[in-house]
Amino acid sequence: MSAKAISEQTGKEFLYKHICTSVAVQNRFRYANVTSETDWDRLTQDHPWLLTERLVVKPDQLIKCRGKLGLVGVDLDLVGVQEWLKPRLMRETTEEEFYICIYATREGDHVLFHHEGGVDVGDVDAKAQRLLVGVDDKLSEDSLEEQLFAHVPADKKEVLVSFVVGLFNLYEDLYFTYLEINPLVVTQDGVFVLDMAAKIDATADYICKAKWGDVEFPPPFGREAYPEEAYIADLDAKSGASLKLTILNPLGRIWTMVAGGGASVVYSDTICDLGGVDELANYGEYSGAPSEQQTYDYAKTILSLMTREKHHEGKVLIIGGSIANFTNVAATFKGIVRAIKDYQGPLKENEVTIFVRRGGPNYQEGLRVMGEVGKTTGIPIHVFGTETHMTAIVGMALGHQPIPNQPPVAAHTANFLLNSSTNVATPASTRTASFSEPRAANDATSVKKPKAGVPAAASHCPLLCPVKEEFTGDCYAKATMLFSRNTKAIMWGMQTRAVQGMLDFDYVCSRDEPSVAAMVYPFTGDHKQKFYWGHKEILIPVYKNMADAMKKHPEVDVLISFASLRSAFDSTMETMQYPQIHTIAIIAEGIPEAQTRKLIKRADENGITIIGPATVGGIKPGCFKIGNTGGMLDNILASNLYRPGSVAYVSRSGGMSNELNNIVSHATDGVYEGVAIGGDRYPGSTFMDHVLRYQDTPGVKMIVMLGEIGGTEEYKICQGIKEGRITKPVVCWCIGTCATMFSSEVQFGHAGACANQAFETAVAKNQALRDAGAFVPKSFDELGDVIRTVYDELVANGTIVPAQEVPPPTVPMDYSWARELGLIRKPASFMTSICDERGQELIYAGMPITEVFKEEIGLGGVLGLLWFQRRLPRYACQFIEMCLMVTADHGPAVSGAHNTIVCARAGKDLISSLTSGLLTIGDRFGGALDAAAKQFSKAFDSGMLPMEFVNKMKKDGKLIMGIGHRVKSINNPDMRVQILKDFVKGHFPATPMLDYALDVEKITTSKKPNLILNVDGFIGVAFVDLLRMCGGFTRDEADEFVEIGALNGIFVLGRSMGFIGESHLA
């Protein structure tokens, strides 16, 4: 969500710290927080001023009208505060004073002022003076004096003007969405901010972090804050997906785990409609393609909560969702399945029954896996797909309708993509008009397109403005038709999957050319990206900057922006500089509201329609689709989205828009056009904008609108129907009816889904739409039935004449998707047994990276996993690390270091210099590890006595590798060898090879004192003992590692550290 309430303490800290005004703000306060568990002695030690100052006490829990409710104590000493708190704590609930409030709307920021503040201010909406500061406008001192301060005494005006201007600037700079001070006391010494309530735009955290610091958002009054909610909020903050959790009743028996912001509200509505409000335990949602691990973490949190307390009737878990657009359902279900397996014991003990309904990419596999885990664990799990109405499982879970014994089995995703006939040719594009109309000659083209650089022309602008709003200022007209069969788009972002989905849609719609003309991606150079167009491959250009893309593709009039929430504003503002663009879809969620309002203002000035932010986009069957809208081809074909129907819809929710595709396709001849305007408080285009377009589009015969709690846009539809501007049948439903049944405020998944006043509730809006003449069902469950009834009437009176179906062309399935579905297999080009990063986390030889750190196996343990593909004993890991340390460097005089230094001084880069040093490693430098291990092992295994071994090497004229040192001797021992020897003797289970080598050393040093077992030789023979005696290797495996030269890797790895230091860093 975006607008979040903050505590009064936090709001005042922001004000005192950051306000810029010439007026003295006097009461810069000291505060102490008190709870029922407060230790008063400790409190007075931390805040000694409590014993000497006169005090004010009040709850800081987002309670309104605290003064009227008797919840403010003033002019008390500490004893008085304690007495005042006794009957109130943990219970529910004359200088001139002024009232000031600033709050945001779509049009700008309203400043409310009343000259009589305090607890008796009354209905400020009716009494206060009001000033609207437009988006990007500045608050002027003159406008304040003229419009707000008419009743303020002259000696107070100057002070108030300066303070309010500073307050407004603070409001803008710190991204407040609501800021109320009541009362604001003004004296000759300055102003006193006595009581304050505020909300900030939490999505602006990345902008305001330095000024905000770490803000704690208190829960709504009357509801506890749970650590699980904070845990999920933290997961959400770290994820590109959306994860939400609100605990309503931890003892409730009905728990939900719903995919999608809109769908989660619909499920809560249905549960409450069926009488389950008192047993509803939580509200939450997961969406935006969370990973398997993220879904697992979310699911285990829900399961942990619901299995803590038993319920005499048992419990139900509803795992629901609409038809996903792009989320791989099977992948997310894997995380849920893992959690169910982990909690199968508690789930059985609590008699939990699970109901699952889902659709979308790979949902059949997801449902299969979910059904299998029910069978293997013995937990009752009932699974349903798109053949079942989205919320039907709620009635089953609550016992209002029977559970089908054998629900219909949906076809596999792949079946939709296989041609059932022998004809593989692409059919002619015969379905370009509305499904209910004969094809017109010019229906395949949109409104006459302007030349590049010339604004689009359409009907006059007031036609597309909301009812009762006047057209003011200079702006270009917005097009009634946004998309046609000739629409060309630019994709901002390297979203190859979304582009391929659009091209596949184009192909099954029998478009002549792909709808994506180019891509813009600032992080690479210009190049071409390969995609499929039906059965063949094509290249689509990718540009580094927008200017080049626009210049080279003047036919483009749509931009689809997958820019991140941080870059979406700047990239969209840049796009609106190009007059050829008339539609922009902004996919990103979490753009600060102040930035969105600026985008809307610029778009209105330029005649551009914005779809989003926080949207999946929109679709015009037979013509064009935005990004991932409509899901994959199986859903496109199942919902008949490859050709136009007669019904146009507009929704806030992207996930619910795909559910509407399904509902409309089953109840009517299909969708003509559908748009998801986005879940933010200020969508770029409104319900009214699109309903008026549909009203003026001949091919649209009826309109469906899915509104929701929060905002007032639905009332403009009411007004349009009453005034006759909207004459086509409109079927409407506003989700969020459950909100009025909750005891405390709940912020739903969408940022705009929160009612601030009674008329913003879904119940109020549904009734208003019904009274205006719209077709409004009793619940979402009945939405499809009402749509079917209205459609049948239109068919009966001849308004709609259903046309004959035309089969779409077939599109081969992508290899990657077919492999993910398990339909094909292909031998890998490369395979490795030591590392795998394809799953949720990196795996070393079967050990997840999280376990690597949890077990603290260290660098030696990681080397054991990667080199030897097994977990080594602790002492072996320590020995490897000691070897790396003692071989790290041996001064600049050795050949490897010398070469490295020479290369570095010749100006070569670090990697080249390092490589030159490593290439000198051999029998005379470093290679003695392998050579010593081989020589000593061969002699020992053949049964030679140490003296026989020495004599044979002398007779053969060969040096004994690992014996001898230029400086060190029996009288001047090498401390590296001594350290390693002490460790090996103290930790290795047996050291036969080392003992053999030490016997050899006794013979060689008797001849010459410097013929000692050097560090290379010691590591070589000790490693043989490690491999043979640690219990982790067979004899053959141990010998193989010696034969292939693996031990020299220790020297290479260790000495590389020294070479790097010698060359560039010393």
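Buried residues account for 55% of the 1066 residues in this protein. The structure is a predicted model. The exposed surface amounts to about 46,700 Å², of which carbon and sulfur atoms supply 52%. The secondary structure of the protein comprises 37 helices and 31 strands.

## The seven-stranded sheet

One open sheet is built from seven strands in the order β18-β19-β17-β16-β20-β21-β22, with mixed pairing. Its edges are β18 (527-533) and β22 (609-611), each of which pairs on one side only. Direction ignored, neighbouring strands of this sheet are turned by 25° against each other on average. Helix α15 (residues 496-508) packs on the sheet, where it touches β16 (489-492), β17 (516-520), β18, β19 and β20 (558-561). The direction of α15 makes about 40° with that of β18.

Strands of a sheet pair through backbone hydrogen bonds, in either a parallel or an antiparallel sense. Both senses can be followed here. At one edge, β18 runs antiparallel to strand β19 (residues 536-543), and seven bridges join the two. Gln529 stands opposite Ile540 in β19. Further along the order, β16 and β20 pair in the parallel sense over four bridges, with Met491 opposite Ile560 in β20. On β20 there is also parallel pairing with strand β21 (residues 583-586), again over four bridges; the bridge partner of Ser561 in β21 is Ile586.

Strand β20 merits attention for its surroundings. In a regular strand the side chains alternate between the two faces of the sheet. Both faces of β20 are covered: Val558 and Ile560 are buried on one side, and Leu559 and Ser561 are buried on the other. Two of these residues, Ile560 and Ser561, have already been met as partners of Met491 and Ile586.

## The six-stranded sheet

A second open sheet, also of mixed pairing, has six strands in the order β24-β23-β26-β25-β27-β28. The strands at its edges are β24 (624-625) and β28 (730-735), each pairing on one side only. Within this sheet, strand β23 (residues 618-620) and strand β26 (residues 671-676) run antiparallel and are joined by two bridges. Gly618 has Val675 of β26 as its bridge partner.

Two helices lie across β27 (702-708) and β28. Helix α22 (residues 713-722) runs at about 150° to β27, and helix α24 (residues 783-796) runs at about 160° to β27.

## A helix pair

Elsewhere in the chain, helix α8 (residues 227-237) and helix α10 (residues 292-306) have axes that come within 11 Å and cross at roughly 175°. Because of this crossing angle, α8 is roughly antiparallel to α10. The contact involves Glu228, Tyr231, Ile232 and Leu235 of α8, together with Asp297, Tyr298, Lys300, Thr301 and Leu305 of α10. By class, the residues of this contact divide into five nonpolar, one polar and three charged.

## Unusual backbone geometry

Most residues other than glycine have a negative phi, and most peptide bonds are trans. The following sites depart from that pattern.

| Site | Feature | Value | Location |
|---|---|---|---|
| Asn182 to Pro183 | cis peptide bond | omega near 0° | Pro183 in strand β7 (residues 176-187) |
| Gly612 to Pro613 | cis peptide bond | omega about 0° | Pro613 in the loop between β22 and β23 |
| Ala614 | positive phi | about 60° | loop between β22 and β23 |
| Glu856 | positive phi | about 55° | loop between α26 (849-854) and α27 (858-868) |

The loop between β22 and β23 holds both Pro613 and Ala614. Strand β22 is an edge of the seven-stranded sheet, whereas β23 belongs to the six-stranded one. Pro613 is joined to Gly612 by a cis peptide bond, and Ala614 has a positive phi although it is not a glycine.

Are the two residues of positive phi buried or exposed? Ala614 has a relative accessible area of 18% and is therefore buried, the cut-off for burial being under 20%. Glu856, in contrast, has a relative accessible area of 57% and is therefore exposed, the cut-off for exposure being over 50%.

Key
Residues are numbered from 1 along each chain as its sequence is written. This is a predicted model: local features need pLDDT of at least 70, side-chain atom pairs count only at pLDDT 80 or more; totals for chains, interfaces and linings use all residues. Side-chain values use heavy atoms; hydrogens and water are left out. Two strands pair if DSSP finds at least two bridges between them. Contact means heavy atoms within 4.5 Å. Axes are lines fitted to C-alpha atoms, for helices over the stretch in contact, and angles run from 0 to 180 degrees between N-to-C directions. Angles under 35 degrees count as roughly parallel, over 145 as roughly antiparallel, 65 to 115 as roughly perpendicular and the rest as oblique. Ala, Val, Leu, Ile, Met, Phe, Trp, Tyr, Cys and Pro count as nonpolar, Asp, Glu, Lys and Arg as charged, and the others, Gly among them, as polar. Buried means under 20% relative accessible area, exposed over 50%, partly exposed in between (1.4 Å probe, protein chains only). Accessible areas come from the Shrake-Rupley method with a 1.4 Å probe; for residues, only the protein chains shown count as cover.
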